[in-house]
Amino acid sequence: MEDVTVIPPADDRFERIGTTYYKIVRQPNAAGQLIERSIPWTIEAIRQDYGKDFLANVPKYDGFCCVPSHLDYQPVVGSFKNKYSPLSHIPAEGEWPCIESLVRHIFGEQYDLGLDYLQILYTMPLQKLPILLLVSEERNTGKSTFLNFLKLLFEANVTFNTNENFRSQFNDDWNGKLVIVVDEVLLNKREDSERLKNLSTTYNYKMEAKGRDREEVSFFAKFVLCSNNEYLPVVIDPGETRYWVRKVPRLTTDDTTFLEKIRYEIPAFLHALTYRRLITAEESRMWFNPALLDTEALQRIIRANRNRVELELAELLTEIMDSRKIDEVDFCFNDILSLFGYRQVKADRSQLRKVVQDCWKLRPASNSFCYTTYTVGMFLNEETYVETRRCGRYYTVTRQMLENL
């Protein structure tokens, strides 16, 4: 390979942030694009290359800040350099058929909500938004294409992470990002889910880098996740309102130049987002009314996350109601444990109490009263549920409650 002599450009730019000097460079990436970056530079190197008088003309700032904006970007806020990256796109009127087809494919019948989501990202970057989770067991669905579209749209303000990156204690690469995407997400541990939920609603977090003290910074990033697991990509509990889960169908065509077409349509798309009228109003801390984001894909994950004892209990009570043609069942824990033993279901009193009191939020009768419960008996040589009168502080479960669960 031949040696290439690089001639430094005449307009080399430097700046001093606090007491550290940086050189502003345009670094080429694998696609041949020039990405502007700030690289730490020593004062000795600047003196050797440009002379000691050059330093007097280097712009000086007290430190970094991060103020996200796309419509009214300010590179300097007061005496601080803005770390948020400006977009290189210049909005202009035009058509964007490829972007429209991608957004329609990802959001389906919720296309207008999808446009609202992208418009809020662009026009109100500080607004909290739900965790967008795209799932599909099929291949070639366009999930990764959508992530790459976000990267093209918001450029350096989007960062790609892995499951391991998300779990790492070092999170400096998240600092000042608008969107954090995780492809092939599998965060099925409770602590992963709790961290994800907390980050999606917090306004400040502790940023930590190797060799540096932890620092509290503003946090405004939104999470976009993709997974081939439709049932257990993350832990989602009943009643959770911070997730927007979309099942993405398989693509019918495969255009290898699709991302390039999208790249040319971005200025027209941003122009449309600037002047488009939102169809939703702010109805929650994450903008959207939770009822609008309650999809079948979300409910599928919630059902899959329910523990085995809860599923067995719900199935048993539903079976009793169907068998006896009733709409509610009274029981104490001993009644259920006896029926579980007959059905060869392993469970103890503490597991039942957790399901009934913590998950279902039920409370027992205030005193010991007589109630009707059910045991397994024989009728016309067939097993069935027979009524039994007992006394105790019983719980009541209705058919409507089980259907809502």
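**Exercise 1. Work out how helix H2 and helix H4 cross.**

The crossing of H2 and H4 is left-handed. The model is a predicted one.

Step 1. Find the helices. H2 covers residues 97-107, and H4 covers residues 143-154.

Step 2. Read the geometry. The two helices pack at about 130 degrees, and their axes lie 11 Å apart.

Step 3. Name the arrangement. An angle between 115 and 145 degrees falls in the oblique class. H2 and H4 are therefore oblique to each other.

Step 4. List the contact. H2 brings Ile 99, Leu 102, Ile 106 and Phe 107. H4 brings Thr 145, Phe 146 and Phe 149.

Step 5. Sort these residues by class. The contact of H2 with H4 has six nonpolar residues, one polar and no charged.

**Exercise 2. Describe how H4 packs with helix H7.**

Step 1. Locate H7. This helix spans 258-275.

Step 2. Read the geometry. H4 and H7 pack at about 50 degrees, with axes 10 Å apart.

Step 3. Name the arrangement. Angles from 35 up to 65 degrees are classed as oblique. H4 and H7 are therefore oblique to each other.

Step 4. Give the hand. The crossing of H4 with H7 is right-handed.

Step 5. List the partners. On the H4 side are Thr 145, Asn 148, Phe 149, Leu 152 and Leu 153. They meet Phe 258, Leu 259, Ile 262, Arg 263, Ile 266, Phe 269 and Leu 270 of H7.

Step 6. Sort by class. The contact of H4 with H7 holds nine nonpolar residues, two polar and one charged.

**Exercise 3. Decide whether helix H3 and H4 are roughly parallel or oblique.**

Step 1. Find H3. This helix runs over residues 111-123.

Step 2. Read the geometry. The axes of H3 and H4 come within 12 Å and cross at roughly 30 degrees.

Step 3. Apply the cut-off. Angles under 35 degrees count as roughly parallel. H3 and H4 are therefore roughly parallel to each other.

Step 4. Give the hand. H3 passes H4 in a right-handed crossing.

Step 5. List the partners. Leu 118, Leu 121 and Tyr 122 come from H3. Phe 146, Phe 149, Leu 150 and Phe 154 come from H4.

Step 6. Sort by class. The contact of H3 with H4 has seven nonpolar residues, no polar and no charged.

**Exercise 4. Describe the largest pocket and its lining.**

Step 1. Give the volume. The largest pocket has about 2,000 Å³.

Step 2. Find the centre. The pocket is lined by 50 residues, and the closest to its centre are Glu 36, Arg 37, Lys 83, Ser 85 and Ala 156.

Step 3. Trace the elements. Those that each supply at least two lining residues include strand S1 (13-17), strand S2 (20-28), H4 and H7. S3 gives the most, with seven residues.

Step 4. Sort by class. The pocket lining has 24 nonpolar, eleven polar and 15 charged residues.

**Exercise 5. Describe the largest cavity.**

Step 1. Count. The structure holds one cavity of 30 Å³ or more.

Step 2. Give the volume. The largest cavity has about 30 Å³.

Step 3. Name the lining. Among its residues are Leu 317, Ile 320, Asp 330, Asp 335 and Thr 373.

Step 4. Trace the elements. Helix H9 (308-324), strand S15 (328-331), helix H10 (333-342) and strand S16 (369-379) each give at least two lining residues.

Step 5. Sort by class. The cavity lining divides into seven nonpolar, one polar and two charged residues.

Note on methods:
Residues are numbered from 1 along each chain as its sequence is written. This is a predicted model: local features need pLDDT of at least 70, side-chain atom pairs count only at pLDDT 80 or more; totals for chains, interfaces and linings use all residues. Side-chain values use heavy atoms; hydrogens and water are left out. Axes are lines fitted to C-alpha atoms, for helices over the stretch in contact, and angles run from 0 to 180 degrees between N-to-C directions. Helices (H or I, at least four residues) and strands (E, at least two) are DSSP runs, numbered from the N terminus. A crossing is left-handed if the near helix is turned anticlockwise from the far one by less than a right angle, and right-handed if clockwise. Contact means heavy atoms within 4.5 Å. Ala, Val, Leu, Ile, Met, Phe, Trp, Tyr, Cys and Pro count as nonpolar, Asp, Glu, Lys and Arg as charged, and the others, Gly among them, as polar. On a 1 Å grid over the protein atoms alone, a cavity is a set of points where a 1.4 Å probe fits but cannot get out, and a pocket is an open set with protein on both sides within 12 Å along at least five of seven lines; lining residues have an atom within 4 Å of a point. Grid points are joined across faces, edges and corners, and a volume is the space filled by probe spheres set on the points.
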